[in-house]
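Here is a short report on one protein chain. It moves from single helices to the core, then to a loop and the cysteines.

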Amino acid sequence: PQSPLKHPNRARLFDRKESCTMAAWSSASVAKFGVGLVVSMSVGAVSAICHQTRADSLLASSAHENDAQQDLSRGSKESPSFAPIPAMARPRQAFCQEQEPLPLPATSRFRFTQARFFSKHMDGSHPPEEHPWLAAAPAAPKTLLPEERIVTFVVANAAAGKINDLQRDWSYLPPHMHAAGMEALLQNHLLVGFPRTINAIAAVHEVGVSGGSEWKDEEKGDAAFFKARGEEALCSIYGVKYERLRNRMEKLHPVLNSIMAEHAYGRVIAREGALSMRMRELCVISVLAGQDVLPQLQSHLYGARNVGATLDEITAVVAQTELPWGQEAHAGARDMLKDWLADIAGPGSDSEQRAGPDRPAP
């Protein structure tokens, strides 16, 4: 083929910027001589023409690195605008040693700062009576103490996944009530699952957990021990409806029936110490009221009364549902409470539901 050097329209192909274009043209011009010839001439053209360009690029890069190393050796004293070698050009060891700690995500920074602020009030200088929700919520009877009501706020916000509100609630909880709060949060995994319970307990640890360690204790026993204790707790909460409950659960799923007795009630709800059965049921109501599980809410309205909670205390806990759960959830819980109050006011209904005579709150 005619040399591109002698071709009047191809002279510009020897410009360095278009050297690879010339190689491609050479390959195309010899296609008629066969596949083998095309391959051999293409490789030769590319190697011969592009070699010098690649060498020049390597030399320029080396010169740039040498200049940068000289600037680095002189240091930043001579030039305020000194720019160090890019991180990827440094040796691996130096790169690892010179890295700054990664910044916390915005949410983590906020929660860390918030936890430090809350920790200032762990000495009791943040009275529970000053909790803002106590003023916003409907009035509660004197038998429901402010710190007890705050525990119901804690479990509701934990169940709703509102970590910031949960940490605020915890900062108003007196240290002597921390064990009760931890018991209530442990119980939450039966109602909202492990993920939100784990996140909630981690959040209160960020704020600080004071008081004794009774919330860490667990009785030792076999499955039969916990089953017997769970059945006793179930009977005290559900009263004469206990047998009907167990039969229904057995039909739904026998394994779930066993888990309910042995684990839910035997290992968790029947735990003795920091949290009374009355407070446990009030906390359950606070959590269930926002989840659109009206059959379970109704059962525990009866259960709370069976273990000593008064009607005024139960009504106060349901009335505060809007604060953690919103208006829609509050409307559903309010309607259920209204129907339940009408039901227990009917003839004979009170004796059917209660396991025994009225008792003072434990």
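## Helix 6

Helix 6 has 15 residues and spans 21 Å from its first C-alpha to its last. That is close to the 21 Å expected at 1.5 Å a residue. The expected span is 1.5 Å times one less than the number of residues. Helices (H or I, at least four residues) and strands (E, at least two) are DSSP runs, numbered from the N terminus. Of the 15 residues of helix 6, 14 are buried, so the helix is largely enclosed by the rest of the structure. Buried means under 20% relative accessible area, exposed over 50%, and partly exposed in between (1.4 Å probe, protein chains only). Gly161 follows helix 6, with a positive phi near 75 degrees.

## Basis of the model

This is a predicted model: local features need pLDDT of at least 70, side-chain atom pairs count only at pLDDT 80 or more, and totals for chains, interfaces and linings use all residues. Residues are numbered from 1 along each chain as its sequence is written, and side-chain values use heavy atoms, with hydrogens and water left out.

## Whole chain

The protein chain has 18 helices and zero strands. Buried residues make up 37% of its 362 residues. Among contacts (heavy atoms within 4.5 Å) with a separation of 6 or more, 68% join residues 24 or more positions apart.

The accessible surface comes to about 20,800 Å². Carbon and sulfur atoms hold 58% of that surface. Areas come from the Shrake-Rupley method with a 1.4 Å probe; for residues, only the protein chains shown count as cover.

## Nonpolar cores

A nonpolar core is a set of buried Ala, Val, Leu, Ile, Met, Phe, Trp, Tyr and Cys residues joined through side-chain atoms within 4.5 Å. The largest one has 53 residues. Leu166, Trp170, Ile285, Leu301 and Ile314 have the most contacts inside it. Helix 6 (residues 146-160) gives this core its largest share, nine residues. Another core, of 14 residues, lies apart from it. Its members include Ala233, Met260, Ala261 and Ala264.

## Helix 9

Helix 9 covers residues 194-207, 14 in number. Its first and last C-alpha atoms are 20 Å apart, close to the expected 20 Å. Thr197, Ala200, Ala203, Val204 and Val207 are buried in helix 9. They cover an arc of only 125 degrees around the axis, which puts them on the same side of helix 9. The arc is that of the directions from the helix axis to the C-beta atoms. On the other side, Phe194, Pro195 and Ile198 are exposed. Just after helix 9, Gly208 takes a positive phi of about 130 degrees.

## Loop between helices 13 and 14

Ala289 sits in the loop between helix 13 (277-288) and helix 14 (294-306). Ala289 is buried, at 4% relative accessible area. Leaving aside neighbours within four places in sequence, Ala289 is in contact with Leu297, Thr321, Ala329 and Ala333. Ala289 and Trp325 are 36 residues apart in sequence, yet 8.2 Å apart in space, C-alpha to C-alpha.

Asp292 lies in the loop between helix 13 and helix 14. At 68% relative accessibility, Asp292 counts as exposed. Its phi is near 60 degrees, a positive value in a residue other than glycine.

## Cysteines

The structure holds zero disulfides. A disulfide here is a pair of cysteine sulfur atoms within 2.5 Å. Cys283 is buried at 1% relative accessibility. Cys235 is partly exposed at 38%.
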